[in-house]
Each structure stands twice: as C-alpha cells, then as structure tokens.
Amino acid sequence: ATRGNLNNHIGVPLTLLSMTPETDFAVVEMGANHRHEIEKLCAIARPDFGLITNIGRSHLEGFGGPEGVRKGKGELLDYLAANSGTAFYLSDDAVLSEMVAERPNLYAIPYNASGLTRDDDGEMIGVRWEGLTIHSKLVGDYNLNNIAAALAMAAYFAVAPEGAAAAIAGYTPDNNRSQKQVTAHNTLILDAYNANPSSMQAALENFAATVSAQPKAVILGDMRELGEYAAAEHARMIELMHRLQISEAYLVGDRFALAGANTPGYRPFADTEALRAYLAEHPLRDRFILIKGSRGIQLEKVVDLL
C-alpha cells in the first residue's frame, strides 16, 4: 500500500516496485492537482478497481475550478470504464452518482452508510454492522462514509465480517490525520496533514457539534492552491465559524489573517513560528482544540506547546 504521501508520478512507481511476487493486492493512492495527472498514473498503475471518496474543492488553482476537479478525478473512472475495471462509489453523493451515470460502460458498485447504526464510544465513531459492534479510533462524522467504503470493499472481496470489523477497530490514525490527542493540558483534534474548503468545512461543523466540557478553540492554517478562489473561500470559512459560534480562533497565514481581521477573539499570525512564539508566552490550557491547515503551514509544529 502507498506509504506516506507517495502518490504522484514518482511515488506511484515506487509503490508498484515495492510489490513482491507474493503480493495479492496493492492499494495505490493517486494524487493530483492538475488535469491529466490521474490519467497518467492510471497508465502506470493499470488499476483493476477504483474508489473516489468525494469531489471536494481542492487544488482549485491547478484544476481551474470545481468542474476541473470533477473532470480530473473522473479520469480514474474513464480508465476503469475503458479497461473493464470496477468502481466503488458513494451512492448518496449526487456528484459521484452523476459521474458514474455519465459512463454507461463502467461497472460500478454502490455503497453508503445506511446499513450502519451509530454506537459511538465517547468522541470516537462506533457502529453496529452485521450483528457486530465496531468501535473505531476515528473522529468526525465525515469518517462514517470511509468506514462504509471499507466494509463495502471487504464484502466484495469476501473478507469475513469479523475480520473487516477487527481491521477497522484496530486502525489508528496517524500522519496528522483525524487524530485525537489528550495532552497534559488540552484535548486536541489534530487534522493538520492538509486542508481544502470542503474538508475544513466538514471538520469545523463536526467540531462545533461535538459535546465537550472544555471551552473550544480552533487553530487554522491557510488553505493553499486555491488561486482566484482563495479570498472568497477563506472569507467563507470565517463566516462559517461565526454561524457555528466559534469565538476563539488562531489563524495562521496571510489569507486567514485578512479574512478574520475584524473578528474579536480571532488572532492572526504570519506563520507557524509566530504562533509558536505566542503560545510560549500565552499557553492555552483546558481547551478542546481543532488544528487544521494546508501541508505547507505545518501546524503540527505547535502540538508540543499544547
């Protein structure tokens, strides 16, 4: 399987070359920020199966806008349709359903979370499925569809329900993605691997809806690679935080600093080092904190001060 973020024209071949003759399955992540990149990666990896988890507002600068993202990610479906492959898709996602319908030659298997009954354990997602209870180490409602995707593929490949449930329960998020950390001073939701307007909106809405005895605060970093959409999307996130009644925010980067300039309780910082200097002098204590930003902001560098 792909390690780290080895998902481009260099990383995908490295993943393929790591396979041995004993390998039965390879799970290959394909990343892109321009049109035709996934098309080229498919020509290299020649996938038999494919899954697009969602069509978000990511890399809008390189893709040329939301429609460019749709077309760029759709290159995976184009390859599968042309090569007798199989796609898995979230059936209650209107965009993904339309993309599948637009390719009548594509064999596609729908899935959704309707067969999962919530059985949460504190702040972690828990579900009941096939008579089994799965307590995951995942936070955020947005991960429910990811659990459904994993279970759908497990069922297709005849993985025993007990084995699939154990694998999901045993998965521990790392690499700064959806990680809950309880430090000596605060409770953190560390989701600082990357960010785009879609993922940040989902993270903020879930964070606001999470019940916590601790006061809430957010540490957000600029969302990169948005091009002409950058100003409007950062302003939209500030407006969203107002609606969600998030009153304490630490904003890192020029875009967020400008968008949140007139909001009391929202502190701007030029970069992560400036935020580190502030936190060293003004420690945050007894807070429930969401940390999210683009990779280039590297917000994980402030965790040791929290």
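This is a short tour of a predicted model, stop by stop, with something to select at each one.

**Stop 1: a three-stranded sheet**

Begin by selecting residues 117–118, 126–129 and 132–135, which are the strands β4, β5 and β6. Together they make an open, antiparallel sheet, and the order across it is β4-β5-β6. Look at the two edges: β4 and β6 each have a single partner strand, so one side of each is left without a neighbour in the sheet. Strands of a sheet pair through backbone hydrogen bonds, either parallel or antiparallel.

Now zoom in on β5 and β6, which are joined antiparallel by four bridges. Which residue of β6 is the bridge partner of tryptophan 129? Select leucine 132 and you have found that partner.

Next, add residues 161–170 to your view. This is helix α7, which lies across β5 and β6 and runs at about 15 degrees to β6.

**Stop 2: the largest nonpolar core**

Stay in this region and select Leu106, Tyr111, Leu116, Val127, Ile134, Ile147 and Leu151. These residues have the most contacts inside the largest nonpolar core, a group of 42 residues. Several elements supply at least two residues each, including α4 (66–82), β3 (107–111), β5 and α7. Which helix gives the most to this core? Colour α6 (144–156): with seven residues, α6 is the top contributor.

For a close-up, centre on leucine 116. Leaving aside residues up to four places away in sequence, leucine 116 touches Val127, Arg128 and Trp129, as well as Leu144, Ile147, Ala148 and Leu151. A second core, of 24 residues, lies apart from the one you have been viewing; Phe207, Ile238, Leu251 and Phe288 are among its members. In soluble globular proteins, nonpolar side chains tend to be buried together.

**Stop 3: a covered strand**

Phe288 also belongs to the next selection, residues 288–292, which form strand β12. Are the residues of β12 buried or exposed? Five of its five residues are buried. Turn the strand and you will see that Phe288, Leu290 and Lys292 point one way, whereas Ile289 and Ile291 point the other way.

Now show two partners of β12. Strand β8 (residues 187–190) runs parallel to β12 and is joined to it by four bridges; here isoleucine 189 stands opposite leucine 290. Strand β9 is also parallel to β12, with five bridges between them, and alanine 217 has isoleucine 289 as its bridge partner.

**Stop 4: one side of helix α11**

Select residues 272–281 to bring up helix α11, where the buried residues are Thr272, Leu275, Tyr278 and Leu279. Why do they sit on the same side of α11? They cover an arc of only 120 degrees around the axis, which puts them together on that side. The buried residues of α11 pack against β9 (216–221), β10 (249–252) and β11 (266–269).

Before leaving, look at the start of the helix. There, a side-chain oxygen of aspartate 271 comes within 3.3 Å of the backbone nitrogen of glutamate 273.

**Stop 5: a buried histidine**

Select histidine 234, which is part of helix α9. Histidine 234 has 0% relative accessibility, so it counts as buried. A polar atom of its side chain lies 2.9 Å from the backbone nitrogen of methionine 223. Not counting residues up to four places away in sequence, histidine 234 touches Asp222, Met223, Leu226, Arg255, Phe256 and Ala259.

**Stop 6: loops to finish**

Most residues other than glycine have a negative phi, and most peptide bonds are trans. Your next two selections have a positive phi.

- Glutamate 225 is in the loop between β9 and α9 (230–243). Its phi is about 60 degrees, and with a relative accessible area of 35% this residue is partly exposed.
- Arginine 46 is in the loop between α2 and β1 (49–51). Its phi is near 50 degrees, and at 60% relative accessibility this residue counts as exposed.

Last, select proline 104, in the loop between α5 and β3. Proline 104 counts as exposed, at 72% relative accessibility. To try a distance in your viewer, pick the C-alpha atoms of proline 104 and valine 12: they are 28 Å apart, with the two positions 92 residues apart along the chain.

Key. Residues are numbered from 1 along each chain as its sequence is written. This is a predicted model: local features need pLDDT of at least 70, side-chain atom pairs count only at pLDDT 80 or more; totals for chains, interfaces and linings use all residues. Side-chain values use heavy atoms; hydrogens and water are left out. Two strands pair if DSSP finds at least two bridges between them. Contact means heavy atoms within 4.5 Å. Axes are lines fitted to C-alpha atoms, for helices over the stretch in contact, and angles run from 0 to 180 degrees between N-to-C directions. Buried means under 20% relative accessible area, exposed over 50%, partly exposed in between (1.4 Å probe, protein chains only). The arc is that of the directions from the helix axis to the C-beta atoms. A polar contact is a pair of N or O atoms within 3.5 Å; within protein, one must be able to donate a hydrogen and the other to accept it, and residues adjacent in sequence count only if both atoms are side-chain atoms. A nonpolar core is a set of buried Ala, Val, Leu, Ile, Met, Phe, Trp, Tyr and Cys residues joined through side-chain atoms within 4.5 Å.
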